[in-house]
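Work through the exercises below with the structure open beside you. Try each task before reading its solution.

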Amino acid sequence: MKISVIGSGAWGTALSLLLLENGNDVTLWSYFKKECEAMEQTRENPFLKGIPIPEKLRLTSDLSCAGGADAVIFAVPSFAVRETAKKLAPILSPKTVIISVAKGIEKDTSLRMSQVIDEELHGSNIVAALSGPSHAEEVGRRIPTACVSACPDIEVAEWVQDMFMNERFRVYTSSDIIGVELGAALKNVIALCAGCCDGMGFGDNTKAMLMTRGLTEIARVGEKMGGRKETFAGLAGMGDLIVTCTSNHSRNRRAGLLIGGGMSPQEAMKQVGAVVEGYYAAASGFAMAQKCGVEMPITEATYSVLYKEAPLRETFTSLMTRAKRHELEESWL
Ligand SMILES: NC(=O)c1ccc[n+]([C@@H]2O[C@H](COP(=O)([O-])OP(=O)(O)OC[C@H]3O[C@@H](n4cnc5c(N)ncnc54)[C@H](O)[C@@H]3O)[C@@H](O)[C@H]2O)c1
């Protein structure tokens with residue numbers, strides 16, 4: 001199959017290697033010409049040190065590589081999905097299946113990434129999403145991983161499953177693209193908050209609380225937006241939340257650690273040096289919660305710290321001292 005991977009960050013590169021291994025004809029597109037040239041020279045992505053890029057993987061900064069492809073993978077950061085889709089619209093053939101792997105929600109519109117792509121392509125192409133607990137650093141090293149391929153058309157989800165699946169990368173299918181994309185985007189906010197708590201010297205109890213209650217609020221808003229509650233208990237919900245809140249590979253958690261240690265959010269984003277999706281998702285998640293009238297206390301607290309200069313410790317205390325509740329009062333099960 002002819003596949004174009006759009007976005008040569010850590011994830012786009014790791015997925016290109018996987019798709020190449022699965023026998024596909026793969027081209028990896030870089031936004032920055034310099035990024036492409038450096039990878040051509042070193043045959044390595046600086047975010048994936050020690051993982052060689054075989055000669056068979058074509059590298060380009062020319063978007064026309066997506067013309068006539070069987071599948072196009074959107075692996076650019078969420079803030080760049082709309083502009084990239086706009087540029088791709090005149091290039092794509094209608095038969096090309098689009099697979100979004102970007103994890104985010106558009107801030108002003110509260111749209112999921114597959115919806116943003118669909119809008120820019122005027123509904124001309126089928127759009128699926130692939131998500132789950134999958135750090136590029138591990139997938140690039142062929143460490144066993146599982147994800148979910150989601151599309152309202154289950155046959156397309158199965159086609160995507162076949163494309164990615166191998167003995168080290170297991171893929172499940174789902175027709176709930178809403179739940180899969182919302183779980184993917186919103187868990188980054190909880191991970192950033194979990195990082196802040198680690199940075200402040202809090203413990204495992206705190207993290208377990210944040211993960212459990214974080215999933216509750218994600219599922220609450222997710223169901224309101226049309227997702228299925230079961231999806232949030234799956235790989236794209238709980239699975240991704242666990243890995244992002246606990247792993248040292250997580251940029252969201254790393255950014256939080258720095259903020260918890262006293263750095264300003266802006267400095268922390270700079271220091272991490274790669275896209276920290278939770279930073280953007282805190283604003284879009286907060287806006288989404290307001291729009292649909294759903295309580296998301298952890299997301300709201302994280303948003304205040306990141307964007308409103310709310311003091312971290314006091315904000316956390318106010319989260320702990322919210323009105324008393326029965327545990328199942330706000331449950332998603
Ligand atoms: N890294 C992971 O392990 C991982 C896993 C699953 C999903 N994702 C998701 O994949 C997406 C990409 O993440 P990443 O980790 O590969 O990012 P990254 O930080 O490694 O790389 C970002 C890439 O975006 C490119 N870029 C910057 N501005 C751009 C623009 N305006 N238009 C197009 N491209 C631009 C840069 O050139 C760079 O290659 C994110 O939404 C992320 O949540 C990442």
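The exercises treat a predicted model, starting with the ligand and ending with the cavities.

**Exercise 1.** State which residues come nearest to the ligand and how the shell around the ligand divides by residue type.

Solution. Step 1: there are 25 residues around the ligand, and A10, W11, E35, A136 and E277 come nearest. Step 2: sort the shell by type, which gives 15 nonpolar, 5 polar and 5 charged residues.

**Exercise 2.** Find polar contacts of the ligand with G9, E83 and E277, using a cut-off of 3.5 Å between N or O atoms.

Solution. Step 1: at G9, a polar backbone atom is 3.2 Å from an oxygen atom of the ligand. Step 2: at E83, an N or O atom of the side chain is 3.3 Å from a nitrogen atom of the ligand. Step 3: at E277, the distance from a side-chain N or O atom to a ligand oxygen atom is 2.6 Å. Step 4: the ligand taken alone exposes 830 Å², of which the protein buries 90%.

**Exercise 3.** Locate the ligand with respect to the pockets and the two domains.

Solution. Step 1: the largest pocket holds the ligand. Step 2: domain 1 (2-175) and domain 2 (181-330) both give residues to the shell, so the ligand lies between them.

**Exercise 4.** How many cavities of 30 Å³ or more are there, and which residues line the largest cavity?

Solution. Step 1: the count is 2 cavities of 30 Å³ or more. Step 2: the largest cavity contains about 80 Å³ of space. Step 3: its lining residues include C193, C196, A301, T302 and V305. Further lining residues of the largest cavity are L306, L312, T315, F316 and L319.

Key
Residues numbered from 1 in each chain as written. Predicted model: local features only at pLDDT ≥ 70, side-chain atom pairs only at ≥ 80, totals over all residues. Heavy atoms only, no water. Near = heavy atom within 4 Å. Polar contact = N/O pair within 3.5 Å; in protein donor to acceptor, adjacent residues only side chain to side chain. Areas by Shrake-Rupley, 256 points an atom, 1.4 Å probe, with all protein chains shown as cover. 1 Å grid on protein atoms, 1.4 Å probe; cavity = no way out; pocket = protein on both sides within 12 Å on 5 of 7 lines; lining within 4 Å. Sits in = over half its atoms within 2 Å of the grid points. Nonpolar A, V, L, I, M, F, W, Y, C, P; charged D, E, K, R; others polar. Domains from an automatic or database assignment. Points joined across faces, edges and corners; volume = space filled by probe spheres on them.
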